[in-house]
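The following questions and answers walk through one structure, with the reasoning set out at each step. Please keep the sequence and the coordinates open while reading.

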Amino acid sequence: MTGQASGAPKVTQTLARPASLRKLFFAFTWLALQGFGGVLAVAQRELVDRRKWLSQEQFVEMLSVAQILPGPNIVNLALMIGDHAFGVRGAFVALAGMLLAPLVGANFTLVLSPLLIAVLVIAVLVTVVVT
């Protein structure tokens with residue numbers, strides 16, 4: 001027995017996609033600004049329930065992969081969601097959105113790597129120029 005009634009219709013959810021790279025960037029910037037020490041629950045509510053960019057199953061699958069990759073889970077998740085929506089450009093834009101605000105805040109106390117700054121600037125420029 002499968003647990004579902006044999007005559008019950010399967011409910012499908014229509015998923016949206018980020019309208020632009022700019023929307024993707026600002027969504028992950030907003031997530032980065034909301035969380036301190038753990039933003040996965042906020043990300044799930046924002047990306048699955050509110051924006052409907054992912055289904056619950058897609059979120060859990062991506063999170064499972066993110067957990068086995070090195071680095072913070074939410075950063076890995078941002079890369080995968082950006083790639084899922086817009087390919088490599090989306091991955092860089094989502095990463096820039098996730099890291100830009102914390103890095104700007106950290107810039108007051110730390111000297112940032114010029115290479116990292118260059119990658120973030122290029123990602124922001126791609127976002128502005130392409131959209």
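Q: Which residues are linked in a network of salt bridges?
A: The model is a predicted one, and it holds two salt bridges. In one of them Arg-50 pairs with Glu-46, the closest N and O atoms being 2.3 Å apart, and in the other Arg-51 pairs with Glu-46, with 2.8 Å between the closest N and O atoms. Because Glu-46 takes part in both pairings, the network consists of Glu-46, Arg-50 and Arg-51.

Q: By about how much of the helix are Arg-50 and Glu-46 separated?
A: Arg-50 and Glu-46 form a salt bridge, and both belong to helix α2. Because they are four residues apart in that helix, the separation is about one helical turn.

Q: Is Glu-46 buried or exposed?
A: The residues of this network differ in how they are covered: Arg-50 is exposed, with a relative accessible area of 57%, and Arg-51 is partly exposed at 25%. For Glu-46 the relative accessible area is 4%, and a value under 20% is what counts as buried. Glu-46 is therefore buried.

Q: What is the order of the elements of the chain from the N terminus on?
A: The secondary structure comes to six helices and zero strands. Since the elements are helices and strands numbered from the N terminus, and there are zero strands here, the order reads α-α-α-α-α-α.

Q: What share of the contacts in the chain with a separation of 6 or more is between residues 24 or more positions apart?
A: The chain has 131 residues, of which 35% are buried, and its accessible surface comes to about 8,300 Å², with 66% of that area belonging to carbon and sulfur atoms. Among contacts with a separation of 6 or more, the share between residues 24 or more positions apart is 59%.

Q: Which residue of the loop between α2 and α3 has a positive phi although it is not a glycine?
A: The loop in question lies between α2 (40–50) and α3 (56–68), and Ser-55, a buried residue at 11% relative accessibility, is also placed there. The residue sought is partly exposed, with a relative accessible area of 36%, and its phi is about 55°. That residue is Lys-52.

Q: How far apart in space are Ser-55 and Gln-44, C-alpha to C-alpha?
A: Ser-55 sits in the loop between α2 and α3, and in sequence it is 11 residues from Gln-44. In space, the C-alpha to C-alpha distance between Ser-55 and Gln-44 is 9.7 Å.

Q: With which residues is Asn-76 in contact, leaving aside its neighbours within four places in sequence?
A: Asn-76 is found in helix α4 (residues 73–86), and its relative accessible area of 8% makes it buried. With the sequence neighbours within four places set aside, the contacts of Asn-76 are Ala-66, Leu-69, Pro-70 and Gly-71.

Q: What kind of aromatic pair do Phe-25 and Phe-26 form?
A: The count in this model comes to one aromatic pair. The ring centres of Phe-25 and Phe-26 lie 5.2 Å apart, with 75° between the planes, and Phe-25 is buried at 8% relative accessibility. Because an angle over 60 degrees is the criterion for this class, the pair is edge-to-face.

Q: Over the ring of which residue does the charged end of Arg-17 sit?
A: The charged end of Arg-17 is 4.3 Å from the centre of the ring in question. The ring is that of Phe-86.

Q: Which residues does Val-124 touch, not counting residues up to four places away in sequence?
A: Val-124 lies in helix α6 and is partly exposed, at 24% relative accessibility. One of its partners is 24 residues away in sequence, with 9.3 Å between the C-alpha atoms. The residues touched by Val-124 are Phe-25 and Leu-100.

Q: What is the area of the nonpolar surface patch that includes Ile-117?
A: Ile-117 lies in helix α6 (residues 114–130) and is partly exposed, with a relative accessible area of 37%. Because patch residues need over 30% relative accessible area, Ile-117 meets that requirement at 37%. Together with Val-121, Leu-125, Val-128 and Val-129, Ile-117 makes a patch of about 450 Å².

Definitions and conventions:
Residues are numbered from 1 along each chain as its sequence is written. This is a predicted model: local features need pLDDT of at least 70, side-chain atom pairs count only at pLDDT 80 or more; totals for chains, interfaces and linings use all residues. Side-chain values use heavy atoms; hydrogens and water are left out. Helices (H or I, at least four residues) and strands (E, at least two) are DSSP runs, numbered from the N terminus. Buried means under 20% relative accessible area, exposed over 50%, partly exposed in between (1.4 Å probe, protein chains only). Contact means heavy atoms within 4.5 Å. Accessible areas come from the Shrake-Rupley method with a 1.4 Å probe; for residues, only the protein chains shown count as cover. Patches are made of residues with over 30% relative accessible area and no salt bridge: like charges are joined within 9 Å, nonpolar side chains (Val, Leu, Ile, Met, Phe, Trp, Tyr) within 5 Å. A salt bridge is a side-chain nitrogen of Lys or Arg within 4 Å of a carboxyl oxygen of Asp or Glu. Rings of Phe, Tyr and Trp (its six-membered ring) pair if their centres lie within 6.5 Å; planes under 30 degrees apart count as stacked, over 60 as edge-to-face and the rest as tilted. A charge sits over a ring if NZ of Lys or CZ of Arg is within 6 Å of the ring centre and within 35 degrees of the ring normal.
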